[in-house]
Amino acid sequence: MNKTEGAYAAHLEARKRLGQILWFGFECWTFKLAKDTRYTPDFVVQLADGVLELHEVKGRKRADGKYFAEDDAKVKVKVAAAVFPMFAVKVCWPDGAGGWNTEDFS
């Protein structure tokens with residue numbers, strides 16, 4: 001787990017303590033998208049209502065200090081959302097103020 005993923009895991013753990021999520025796992029599931037193409041989301045998250053989400057954690061820092069998720073990092077996420085529409089699929093990155101931005105691909 002890299003630093004950004006570790007920070008996101010701490011965020012998820014805090015949400016778990018608040019009762020917002022029931023469970024999360026790091027790189028615990030792998031999905032077959034096509035022949036010889038697999039996708040392993042950074043986190044599988046089960047919300048308090050039982051809904052399962054796939055979270056991909058990204059975050060590069062720009063020269064101005066703001067974080068962003070690169071477009072090329074979203075390609076497999078978009079395919080995974082299309083192939084497995086039963087899951088909410090999100091890309092998450094630091095907002096630079098201690099929180100997290102998310103983009104939903106469901």
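**Entry 1: Glu53 and its partners**

I began with a polar contact of 2.7 Å that joins the side chains of Glu53 and His55, and I note at the outset that the model I am reading is a predicted one. Glu53 is found in strand 5, which covers residues 52–57. I looked up how far the residue is covered, and at 8% relative accessibility Glu53 counts as buried, because the cut-off for that word is under 20%. I then listed what Glu53 touches, leaving out residues up to four places away in sequence, and found Phe43, Val44, Val45, Leu47, Ala88 and Lys90.

**Entry 2: The salt bridges**

How many salt bridges does a search of the whole structure find? It finds two. In one of them Glu53 is paired with Lys90, and the closest N and O atoms are 3.7 Å apart. This pair links distant parts of the chain, since Glu53 lies in strand 5 and Lys90 in strand 8, with their positions 37 residues apart in sequence. I remind myself that side chains of opposite charge can pair when their charged atoms come close.

I checked the lysine end as well, and Lys90 is also buried, with a relative accessible area of 17%. Leaving aside neighbours within four places in sequence, I find Lys90 in contact with Glu53, Leu54, His55, Glu56, Glu103 and Asp104.

I turned next to Lys58 and Glu56, whose side chains meet in a salt bridge at 3.2 Å, N to O. Here I wrote down the two ends separately: Lys58 is partly exposed, with a relative accessible area of 27%, whereas Glu56 counts as buried at 7% relative accessibility.

**Entry 3: The hairpin of strands 2 and 3**

I moved to strand 2 (residues 31–34) and strand 3 (residues 37–39), which run antiparallel and are joined by three bridges. Within this pairing I see Ala34 standing opposite Thr37 of strand 3. The two strands form a hairpin with two residues between them.

Which residue in the turn has a positive phi? Asp36 does, with a value of about 60°, and I note that this is a residue other than glycine. Asp36 is found in the loop between strand 2 and strand 3, and at 69% relative accessibility Asp36 counts as exposed.

I looked up Glu27 for the same kind of backbone angle, and Glu27 has a positive phi of about 45° although it is not a glycine. Glu27 is found in the loop between strand 1 (21–26) and strand 2. Is Glu27 buried, partly exposed or exposed? At 43% relative accessibility, Glu27 counts as partly exposed.

**Entry 4: The nonpolar cores**

I asked which residues have the most contacts inside the largest nonpolar core, a set of 14 residues, and they are Phe31, Leu33, Tyr39, Leu54, Val77, Phe87 and Val89. The elements that give two or more residues to this core are strand 2, helix 2 (75–83) and strand 8 (88–94). Apart from this core lies another one, of eleven residues, which includes Ala9, Phe24, Val57 and Trp100.

I followed Tyr39 further, since it stands among the residues with the most contacts in the largest core. Not counting residues up to four places away in sequence, Tyr39 touches Trp29, Thr30, Phe31, Leu33, Glu56, Lys76, Val77 and Ala80. I note that Glu56, in this contact list, is also the acidic end of the salt bridge with Lys58.

**Entry 5: Aromatic rings**

I looked up the ring pairs, and the structure holds eight aromatic pairs. I recorded one aromatic cluster, formed by Tyr8, Phe24, Phe26, Phe43 and Trp100. Phe24 and Trp100 from this cluster are also among the residues of the eleven-residue core, and Phe43 of the cluster is one of the residues that Glu53 touches.

**Entry 6: Strand 8 once more**

I ended with strand 8, where Lys90 has its place and where Val91 is found. Val91 counts as buried, at 1% relative accessibility. I also looked up the distance from Val91 to Pro41: the two are 50 residues apart in sequence, and their C-alpha atoms are 9.6 Å apart in space. My last note on strand 8 concerns side chains in general: in a regular strand they alternate between the two faces of the sheet.

Definitions and conventions
Residues are numbered from 1 along each chain as its sequence is written. This is a predicted model: local features need pLDDT of at least 70, side-chain atom pairs count only at pLDDT 80 or more; totals for chains, interfaces and linings use all residues. Side-chain values use heavy atoms; hydrogens and water are left out. Two strands pair if DSSP finds at least two bridges between them. Helices (H or I, at least four residues) and strands (E, at least two) are DSSP runs, numbered from the N terminus. A nonpolar core is a set of buried Ala, Val, Leu, Ile, Met, Phe, Trp, Tyr and Cys residues joined through side-chain atoms within 4.5 Å. Buried means under 20% relative accessible area, exposed over 50%, partly exposed in between (1.4 Å probe, protein chains only). Contact means heavy atoms within 4.5 Å. A polar contact is a pair of N or O atoms within 3.5 Å; within protein, one must be able to donate a hydrogen and the other to accept it, and residues adjacent in sequence count only if both atoms are side-chain atoms. Rings of Phe, Tyr and Trp (its six-membered ring) pair if their centres lie within 6.5 Å; planes under 30 degrees apart count as stacked, over 60 as edge-to-face and the rest as tilted. A salt bridge is a side-chain nitrogen of Lys or Arg within 4 Å of a carboxyl oxygen of Asp or Glu.
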